[in-house]
Amino acid sequence: MSAYMIISVSPRDQEKMTEYETRTLAVVEKFGGRPVARDTSPEVFETEHRPAIGVILEFPDKQAVLDFYHSEEYRPLKGFRHTFATASALVVEA
């Protein structure tokens with residue numbers, strides 16, 4: 001059963017965001033994930049928060065998402081992202 005990580009992110013530095021995305025993609029792929037969608041003008045309902053970017057990543061299952069998110073490879077990238085962006089994510093199984 002596939003799992004999708006749905007991410008909203010608001011970067012304060014587009015150059016750093018581009019670097020983050022490039023570096024993170026290799027880690028996502030290592031855990032069996034792949035990008036499905038990226039939208040720079042996502043529609044948002046029932047909240048005041050308006051992220052600049054919406055992203056959907058597909059993984060083989062929820063455990064693969066958890067393995068990616070908590071991995072040693074992703075840890076420094078997550079810390080890097082915290083220096084220039086606000087983000088949130090949720091995981092849903094299909």
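In which helix is the place of Arg81? I looked this up first in what is a predicted model, and I found Arg81 in helix H3, which spans residues 75-82.

**Entry on Arg81**

I then checked how Arg81 is placed with respect to charge, and I noted that this residue is buried and yet has no salt bridge. The nearest side chain of opposite charge belongs to Glu21, and I recorded its distance as 10.0 Å, whereas a salt bridge would need a side-chain nitrogen of Lys or Arg within 4 Å of a carboxyl oxygen of Asp or Glu. What I did find for the side chain of Arg81 is a polar contact of 3.4 Å with the side chain of Tyr74. When I set aside the neighbours within four places in sequence, the residues in contact with Arg81 were Tyr20, Tyr74 and Ala87, so that Tyr74 appears in my notes both as a contact and as a polar partner.

**Entry on Glu58**

I turned next to Glu58, which I located in strand S3, covering residues 53-59. Is Glu58 buried or exposed? I wrote down a relative accessibility of 13%, and because the cut-off for buried is under 20%, Glu58 counts as buried.

For the side chain of Glu58 I listed a polar contact of 3.0 Å with the side chain of Tyr4, and another of 3.2 Å with the side chain of Ser2. Leaving out residues up to four places away in sequence, I noted that Glu58 touches Ser2, Ala3 and Tyr4, and also Gly32, Gly33, Arg34 and Val36.

**Entry on the whole chain**

I stepped back to the overall architecture, where I counted three helices and four strands, and I read their order from the N terminus as β-α-β-β-α-α-β.

How does the radius of gyration of the protein agree with that of a compact globule? For 94 residues I would expect a value near 12 Å from such a globule, and the protein has 13 Å, which agrees. Along the principal axes, I noted that the C-alpha atoms fill a box of roughly 30 × 30 × 15 Å.

I also looked at how contacts are spread along the sequence: among those between residues at least 6 apart, 77% join residues at least 24 apart. As for burial, 33% of the 94 residues count as buried, and my notes place both Arg81 and Glu58 in that class. Last, I recorded that the protein exposes about 5900 Å², with carbon and sulfur atoms supplying 54% of that area.

How values were computed: Residues are numbered from 1 along each chain as its sequence is written. This is a predicted model: local features need pLDDT of at least 70, side-chain atom pairs count only at pLDDT 80 or more; totals for chains, interfaces and linings use all residues. Side-chain values use heavy atoms; hydrogens and water are left out. Helices (H or I, at least four residues) and strands (E, at least two) are DSSP runs, numbered from the N terminus. Buried means under 20% relative accessible area, exposed over 50%, partly exposed in between (1.4 Å probe, protein chains only). Lys and Arg count as positive and Asp and Glu as negative; His and the chain ends are not counted. A polar contact is a pair of N or O atoms within 3.5 Å; within protein, one must be able to donate a hydrogen and the other to accept it, and residues adjacent in sequence count only if both atoms are side-chain atoms. Contact means heavy atoms within 4.5 Å. The radius of gyration is taken over C-alpha atoms; the globule rule is 2.2 Å times the number of residues to the power 0.38. Accessible areas come from the Shrake-Rupley method with a 1.4 Å probe; for residues, only the protein chains shown count as cover.
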